[in-house]
Amino acid sequence: MGQPVPTRVTVLGLGAMGSALAAAFVKAGHPTTVWNRTPGKDAELIAAGALGAESAETAVAGADLIIACLFDHASVHETLDPVTGILTGRDLVNLTSTEPAGAHELADWAAQHGIPFLDGGIMATPPMIGQPGSALLYSGSEEVFDRHRQTLELLGSAEYFGAEPSKASLVDFALLSGMYVMFSGFYHGAAMVRSAGMSAAEFGRRAEGWLGAVLSTLPATGERIDSGDYSVPFQTLDFTKAAVDAIVSASRDAGVDLDIVGPVKNLVDRQVAAGYGHESSERMFESLHPPVR
Ligand code: FVH
């Protein structure tokens, strides 16, 4: 029996992430064609064995799997609209960060042109690609996912969220929201301790252990939210209100703006004012007016 024919991959966009993706395909022995709007970013990849294409048109011709890793939704259209005729019938995976509505729009556009389409979100930085801990989320065409699962797993773990094309993007942005808000909380704390002469680096070392420990409670926190039953408090809203009020007061004393902790106080206060002080603090989730399930 002969060896299976390796998938011919094309990567469009050789920024930090696109280059890392292409390098992983080259390393695994896939015939890999690369293209970038601004010439000259493909030298290292070509030296490693990739084929450099002079245009997006020549890059996609002959590919079994096309990966778009561009700046944003608009740049995906700018790159792909002129080559829709060649894309028809070829599998396209968009790994450009696009909002859920953008992923939906791209899926509709791909369907109109007969392009099998999968949208993805990358939960990794470029150096993490192909390493343990790199996770990629996909939704859209199950056929495309099944056909290329092995190839996509070269980049990191590959999880399929179903045919609804915007789901991976929604989960991606939800995870990113958690990250940005957590880092903002860290910045707030670093500003507070600076008033007492502690460096942000030292604070970072301390925060790593503390935040790591509390993050491990997130799955249980999620379970309590899903139950919708906040009557058995893990920590009451009254307790959390006292803690957040003290943080606000200490921040004022330290001369630190309340732009980050102020909205947290607002979420707690709304639930306490509504009479839920004796219930569990996860009830703050309800202050966000989540859609009814
Ligand atoms: N880097 C990261 O850590 C994150 C991790 C999570 C996912 N993101 C998303 O991946 C997309 C690409 O990110 P990137 O890091 O490669 O970004 P850049 O290094 O800035 O490269 C951008 C590439 O996009 C090309 N480009 C920009 N505008 C256009 C356009 N109108 N037409 C064609 N190509 C365009 C740009 O080309 P050039 O400026 O060199 O000509 C780069 O190749 C992104 O969605 C992240 O959110 C990465």
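**Figure 1. T10 of strand 1 has T33 of strand 2 as its bridge partner.** The structure is a predicted model, in which local features need pLDDT of at least 70, side-chain atom pairs count only at pLDDT 80 or more, and totals for chains, interfaces and linings use all residues. Residues are numbered from 1 along each chain as its sequence is written. Strand 1 (residues 9-12) and strand 2 are paired in the parallel sense over four bridges; two strands pair if DSSP finds at least two bridges between them. Helices (H or I, at least four residues) and strands (E, at least two) are DSSP runs, numbered from the N terminus. Together with helix 1 (residues 16-27), strands 1 and 2 make a right-handed β-α-β unit. A crossover is right-handed if, with the strands pointing away from the viewer, the path from the first strand over the helix to the second runs clockwise.

**Figure 2. Strand 2 (residues 32-35) has buried side chains pointing in two directions.** T32 and V34 point one way, T33 and W35 the other, and all are buried. A residue is buried if 20 or more other C-beta atoms lie within 10 Å of its own, exposed if 12 or fewer, and partly exposed in between, with C-beta atoms placed from the backbone. In strand 3 (residues 51-52), which runs parallel to strand 2 and is joined to it by two bridges, the bridge partner of T33 is L51. Helix 2 (residues 43-48) completes a right-handed β-α-β unit with strands 2 and 3.

**Figure 3. Eight strands form an open, mixed sheet in the order 3-2-1-4-5-6-7-8.** Its edge strands, strand 3 and strand 8 (157-160), each pair on one side only. Strand 6 (residues 117-123) and strand 7 (residues 135-140) run antiparallel and are joined by six bridges. D119 stands opposite S139 in strand 7. Helix 8 (residues 167-194) packs on the sheet, touching strand 6 and strand 7, and its direction makes about 15° with that of strand 6. Helix 6 (residues 100-112) lies across strand 5 (91-94), strand 6 and strand 7, running at about 150° to strand 6. Axes are lines fitted to C-alpha atoms, for helices over the stretch in contact, and angles run from 0 to 180 degrees between N-to-C directions.

**Figure 4. The largest nonpolar core has 52 residues.** Such a core is a set of buried Ala, Val, Leu, Ile, Met, Phe, Trp, Tyr and Cys residues joined through C-beta atoms within 7 Å. Residues with the most contacts inside the largest core include L12, L21, I66 and C69. Helix 1 gives the most to this core, with eight residues. Not counting residues up to four places away in sequence, L12 touches W35, A56, A59, I66, I67, A68, C69, L70 and T79, a contact requiring C-beta atoms, placed from the backbone, within 7 Å. A second, separate core of six residues includes L237, V261, V268 and M284.

**Figure 5. The protein chain is assigned domain 1 (9-163) and domain 2 (171-288).** These bounds come from an automatic or database domain assignment. The domain centres, taken over C-alpha atoms, are separated by 37 Å. Five residues from domain 1 and four residues from domain 2 take part in the contact.

**Figure 6. Helix 10 (residues 218-227) is hardly covered.** Among its ten residues, the count of buried residues is zero. G228, which follows helix 10, has a positive phi near 70°.

Definitions and conventions: Contact = placed C-beta atoms within 7 Å.
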